[in-house]
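Subject: Structure for you to look over

Dear colleague,

I am passing on the structure we talked about, and below it you will find my notes on what turned up in it. Please read them with the coordinates open beside you.

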Amino acid sequence: MSRRWLWLPAVAVVLVSWLVGVLGAGALQQSAEQLVATVSRLGPFAAPVWVLVFAVLAAFFFPVAILSLASGALFGVGLGTLLTLLGATTAATISMMLGRSWFTLRLESRMGPRASELRRRVDEEGWRFVAFTRLVPLMPFALLNFSFGLTHIRVFPYAVTTFVFMFPARWAYAYAGEVGWQVFQQQFSCLIVRQTYQ
């Protein structure tokens, strides 16, 4: 793993600890177990349903980082990364097409001069600019995707570039999600033992 992503497991551990403190062990354990049980009951449909849920939520401003962590926790690093890439790429493509067809005027009025600059850069660099923004996000995921609707980039190279160049970050989040889930389970097993003997 690249050194720049080594902090993610630590963040997952801190997040789990914070949630335990805020929600209490029992409530958080029950919520997590319900989510895992719900996904497990879907059997072979779990993966496609998760991709669909991921895509819809991510397309409309739900934090992709949280969804990516959940993918790792629910499906492990390998499958979780693949499902995250599929969901995020679908969300990015949907948002871009909506931005291009329905929200062009509103986006241009909200972005101002940045809309012209984005259009110019994409026209000059093409897929390379999309790749750069996937490796180094310049703005929130959904807003960036809608903004690409203002450009002239074609849908296919946009989707392929998004899928390929999101891999490092999505893998890192899936890894952190799996590690965080393992820590979560260990933490609660300890808490349950302590509560049993108190």
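The count of aromatic pairs comes to 6. One of them joins Phe61 and Phe146, whose rings are stacked, with 5.9 Å from centre to centre and 15° between the planes. Because Phe61 sits in the loop between helix 3 (46-59) and helix 4 (64-101) while Phe146 belongs to helix 8 (residues 141-148), this pair ties together parts that are 85 residues apart in sequence. Phe146 is buried, its relative accessible area being 6%. A second stacked pair is made by Trp171 and Tyr175, with 5.5 Å between the ring centres and 15° between the planes. These two residues are 4 apart in helix 10 (residues 167-197), so about one helical turn separates them. Trp171 is partly exposed at 26% relative accessibility, and Tyr175 is likewise partly exposed, at 30%. Ring pairs also link Phe129, Phe148 and Tyr158 into a cluster.

Please keep in mind throughout that this is a predicted model. As to the overall make-up, the protein chain contains 10 helices and 0 strands, and of its 198 residues 42% count as buried. If one takes the contacts between residues at least 6 apart in sequence, 80% of them join residues at least 24 apart.

Phe61 deserves a second look for its backbone. Most residues other than glycine have a negative phi. Phe61, although it is not a glycine, has a positive phi of about 75°, and this residue lies in the loop between helix 3 and helix 4.

Next comes the interior. The largest nonpolar core holds 28 residues, and those that touch the most other members are Trp50, Phe54, Ala58, Phe75, Phe141, Phe148 and Tyr158. Two or more residues each are given to this core by helix 3, helix 4, helix 6 (113-125), helix 7 (127-135) and helix 8, with helix 4 giving the most, 11 residues. Trp50, one of the residues just named, touches Leu67, Ala70, Ser71, Leu74, Phe75 and Leu83 once residues up to four places away in sequence are left out.

Ala47 in helix 3 shares part of that list of partners, since its contacts, leaving aside neighbours within four places in sequence, are with Phe75 and Leu83. Ala47 is partly exposed, at 21% relative accessibility, and its C-alpha atom is separated by 9.8 Å from that of Leu74, which lies 27 residues apart from Ala47 along the chain.

The packing of helix 7 against helix 9 (residues 155-165) may also interest you. The axes of these two helices come within 9 Å and cross at roughly 35°, and the crossing is right-handed. On the helix 7 side the residues in contact are Trp127, Val130, Ala131, Arg134 and Leu135, and they meet Tyr158, Thr161, Thr162 and Phe165 in helix 9. Sorted by class, this contact has 6 nonpolar, 2 polar and 1 charged residues.

Two further residues are worth locating in the model. Phe163 lies in helix 9 and is partly exposed, with a relative accessible area of 28%. Not counting residues up to four places away in sequence, Phe163 touches Leu82, Leu85, Leu86 and Thr89, and although Phe163 and Thr84 are 79 residues apart along the chain, their C-alpha atoms are separated by 9.6 Å. Leu144, for its part, lies in helix 8 and is buried, with a relative accessible area of 3%. Apart from neighbours within four places in sequence, Leu144 is in contact with Thr133, Arg134 and Met139, while Leu144 and Val130, 14 residues apart in sequence, are 9.9 Å apart in space from C-alpha to C-alpha. Both Arg134 and Val130 also appear among the helix 7 residues that meet helix 9.

With best regards

How values were computed
Residues are numbered from 1 along each chain as its sequence is written. This is a predicted model: local features need pLDDT of at least 70, side-chain atom pairs count only at pLDDT 80 or more; totals for chains, interfaces and linings use all residues. Side-chain values use heavy atoms; hydrogens and water are left out. Rings of Phe, Tyr and Trp (its six-membered ring) pair if their centres lie within 6.5 Å; planes under 30 degrees apart count as stacked, over 60 as edge-to-face and the rest as tilted. Buried means under 20% relative accessible area, exposed over 50%, partly exposed in between (1.4 Å probe, protein chains only). Contact means heavy atoms within 4.5 Å. A nonpolar core is a set of buried Ala, Val, Leu, Ile, Met, Phe, Trp, Tyr and Cys residues joined through side-chain atoms within 4.5 Å. Axes are lines fitted to C-alpha atoms, for helices over the stretch in contact, and angles run from 0 to 180 degrees between N-to-C directions. A crossing is left-handed if the near helix is turned anticlockwise from the far one by less than a right angle, and right-handed if clockwise. Ala, Val, Leu, Ile, Met, Phe, Trp, Tyr, Cys and Pro count as nonpolar, Asp, Glu, Lys and Arg as charged, and the others, Gly among them, as polar.
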